[in-house]
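Me: I'd like to go through this one label by label. Can you show me what each label rests on?

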Amino acid sequence: MLNVPSQSFPGPSSQQRVASGGRSKVPLKQGRSLMDWIRLTKSGKDLTGLKGRLIEVTEEELKKHNKKDDCWICIRGFVYNVSPYMEYHPGGEDELMRAAGSDGTDLFDQVHRWVNYESMLKECLVGRMAMKPALPKGMLPQSQVTDTLAKESPSSPSYDWFQTDSLVTIVIYTKQKDINLDSVIVDHRDDSFRAETVIKDYSYLVHVALSHEIQEDFSVLVVENVGKIEIVLKKKENTSWKRLGHPQENHNSIIPKKDTGLFYRKCQLVSKEDVTHDTKLFCLMLPPSTHLQVPVGQHVYLKLPITGTEIVKPYTPVSDSLFSEFKEPVLPNNIYIYFLIKIYPAGFFTPELDHLQIGDYVSVSNPEGNFIISQLQELEDLFLLAAGTGFTPMVKVLNYALTNIPSLRKVKLMFFNKTEDDIIWRSQLEKLAFKDKRFEVEFVLSVPTSEWSGKQGYISPALLSEFLKRSSDTSKVLICLCGPTPFTEQGMKMLHDLNFSKDEIHSFTA
Ligand code: FAD
Ligand code: NAP
């Protein structure tokens with residue numbers, strides 16, 4: 001079925017629709033879409049009222065600009081006049097006004113820290129906050145480093161480096177046991193070397209401008225039981241290095257993850273295959289100078305310049321097929337990232353993505369998300385409730401659970417779609433259910449044809465109570481939900497009403 005936008009905006013399934021709970025999105029007036037905003041920013045109109053001048057803003061000055069028609073907000077030390085943007089903001093004027101005349105960084109991060117405000121609001125930039133001299137962003141005084149980490153972990157991470165004639169090894173001592181190859185993200189670009197290690201809710205950064213040139217590829221090893229990470233770089237020339245390099249921003253510091261900016265690298269599109277009439281499997285290749293593995297249940301942000309503005313949207317990587325985890329990896333180091341992406345003909349981002357040619361580049365961020373793999377440990381029953389592309393986080397969860405959780409007795413997927421043609425990977429799902437007796441799949445269609453003999457309708461208490469049967473009264477259960485926001489919200493409420501506890505439910509959201 002074609003996804004034809006209605007006359008009203010936002011469209012029925014638009015990200016900008018009013019959600020029934022949680023953070024509301026408001027209906028925008030005609031002519032106030034993202035594209036209209038971009039047009040206005042390109043029109044040459046003076047949006048700050050300062051005729052292109054940038055000023056230093058004191059706290060007293062910032063406080064004065066706290067009205068709708070004169071509203072300044074500070075985000076990460078930069079002050080923006082957001083009055084012209086009010087009517088274009090999907091979260092509505094009230095949400096913006098909560099930060100009027102003040103530092104809105106925390107509010108911004110709570111709601112949409114991934115939004116590329118630097119690009120979206122660049123014409124609204126008034127200037128920088130006149131700051132008292134301070135440590136660079138994220139660089140905590142030593143006492144604070146110890147304090148913040150002390151709450152979470154017994155000791156703070158550190159690094160060291162060693163060399164032979166041909167190699168330089170950087171060793172990161174996390175002193176944590178639950179560290180694996182997903183925990184470290186390494187990027188080497190020109191002479192800049194950046195290794196971000198995720199330790200619980202913190203990021204520890206080794207970030208230097210290397211003193212000598214290295215070859216493009218490197219290897220990453222993890223000694224899991226002691227939490228040691230080794231990054232082995234190959235020297236270009238067999239000379240002795242006197243030092244590793246010059247410290248760059250936030251080098252050797254530990255920062256709450258929510259305070260780190262998203263880091264992107266350019267990835268090449270290597271293939272694009274039709275999966276359904278409107279959903280495609282995109283394969284992106286990481287540069288050889290990057291080590292990045294997206295953890296199960298997490299998403300990344302894809303960034304593309306659209307009419308000169310960088311636009312960012314979240315997507316959840318999948319494996320290349322439901323059976324891939326059972327095969328030997330074709331190539332080491334997981335250099336490919338796969339995405340199942342639905343193309344909305346009237347959407348803003350996906351048509352641009354679809355227009356990319358093989359060999360073109362897309363920027364991919366570091367992973368984000370609050371799914372923790374330990375939620376699957378010792379699990380006996382796993383229930384997955386997915387609607388449309390809400391299936392994407394289920395792919396890796398399903399694969400991981402079937403392959404790595406010995407206690408698992410059953411996995412059941414209830415997959416909601418409009419029509420049979422919309423079902424992603426239907427034959428693979430049926431094949432998997434045939435091959436692995438622990439797995440069952442049930443399709444529910446909201447707009448079925450008369451030939452459809454399966455379940456139909458929407459998520460409902462009746463459907464759920466029939467579907468969610470524990471294998472025993474005491475079995476450890478996890479229910480994962482993902483789909484359009486109202487689907488997820490309604491599902492959550494129904495699950496609570498069916499007496500499932502918070503710990504037994506995980507909803508995938510932004
Ligand atoms: P939008 O511009 O947001 O439009 C969405 C809908 O609104 C479409 O139906 C469009 O036709 C309609 N619309 C747009 N403009 C108008 C208008 N002027 N009038 C009427 N109707 C209009 N999606 C995936 O496909 N795969 C994933 O793996 C995936 N993972 C995600 C992970 C997370 C954490 C989150 C939050 C979302 C994820 N999404 C995923 C959704 C994705 O981020 C985008 O929201 C989606 O791709 C739509 O982007 P778009 O800009 O093309 O569409
Ligand atoms: P879709 O095809 O529009 O909808 C899939 C199914 O859900 C249809 O049967 C649809 O029924 C039903 N549905 C829609 N709204 C509903 C509601 N309020 N209550 C009950 N059922 C509802 O879905 P899609 O276009 O693929 O969109 C998928 C959504 O998942 C997007 O919003 C995307 O952002 C989200 N997503 C989130 C994540 C994450 O991690 N957070 C990951 C991937 C996708 P009808 O259309 O017939 O009403």
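Reply: Sure, and keep in mind that the model is predicted. Let's begin with a strand pair: S16 (residues 264-274) and S23 (residues 361-365) run antiparallel to each other, over five bridges.

Me: What makes strand S16 and strand S23 a pair?

Reply: The bridge count does. Two strands pair if there are at least two bridges between them, and S16 and S23 have five. So by that cut-off they pair. For one of the bridges, look at Arg265, whose partner in S23 is Val364.

Me: Which sheet order do the seven strands follow?

Reply: The order is S20-S19-S23-S16-S17-S22-S21, the sheet is open, and the pairing is antiparallel.

Me: Why are strand S20 and strand S21 said to stand at the edges?

Reply: S20 (309-315) and S21 (317-318) each have a single partner strand, so each is left with one side that has no neighbour in the sheet.

Me: Over to Ser475. Why is Ser475 called buried?

Reply: Buried means under 20% relative accessible area. Ser475 comes out at 3%, so it is buried. As for where to look, Ser475 sits in the loop between helix H10 (461-467) and strand S28 (477-482).

Me: What makes the link from Ser475 to the backbone oxygen of Ser472 a polar contact?

Reply: The distance is what to check: the cut-off is 3.5 Å, and the side chain of Ser475 gets to that backbone oxygen at 3.0 Å. Setting aside neighbours within four places in sequence, Ser475 also contacts Glu380, Asp381 and Arg470.

Me: Now ligand 2. How do you know that Tyr344, Lys418 and Asn417 make polar contacts with it?

Reply: Again, the N or O atoms must come within 3.5 Å. The side chain of Tyr344 has an N or O atom 2.7 Å from a ligand 2 oxygen. For the side chain of Lys418 the figure is 2.8 Å. Asn417 uses a backbone N or O atom, at 3.1 Å from an oxygen of ligand 2. So each of the three passes the cut-off.

Me: How much of ligand 2 does the protein bury?

Reply: On its own, ligand 2 exposes 910 Å², and the protein buries 80% of that. Strand S25 (410-417) and helix H11 (485-497) are the elements giving two or more residues to the shell, with H11 supplying the largest share, three residues.

Me: How many residues surround ligand 2, and which are closest?

Reply: There are 23, the closest being Lys342, Tyr344, Thr389, Lys418 and Ser446. By type, the shell splits into ten nonpolar, eleven polar and two charged residues.

Key. Residues numbered from 1 in each chain as written. Chains lettered and ligands numbered in written order. Predicted model: local features only at pLDDT ≥ 70, side-chain atom pairs only at ≥ 80, totals over all residues. Heavy atoms only, no water. Near = heavy atom within 4 Å. Polar contact = N/O pair within 3.5 Å; in protein donor to acceptor, adjacent residues only side chain to side chain. Areas by Shrake-Rupley, 256 points an atom, 1.4 Å probe, with all protein chains shown as cover. Helix = DSSP H or I, 4+ residues; strand = E, 2+ residues; numbered from the N terminus. Nonpolar A, V, L, I, M, F, W, Y, C, P; charged D, E, K, R; others polar. Buried < 20%, exposed > 50% of the residue type's maximum accessible area, 1.4 Å probe, protein only. Contact = heavy atoms within 4.5 Å.
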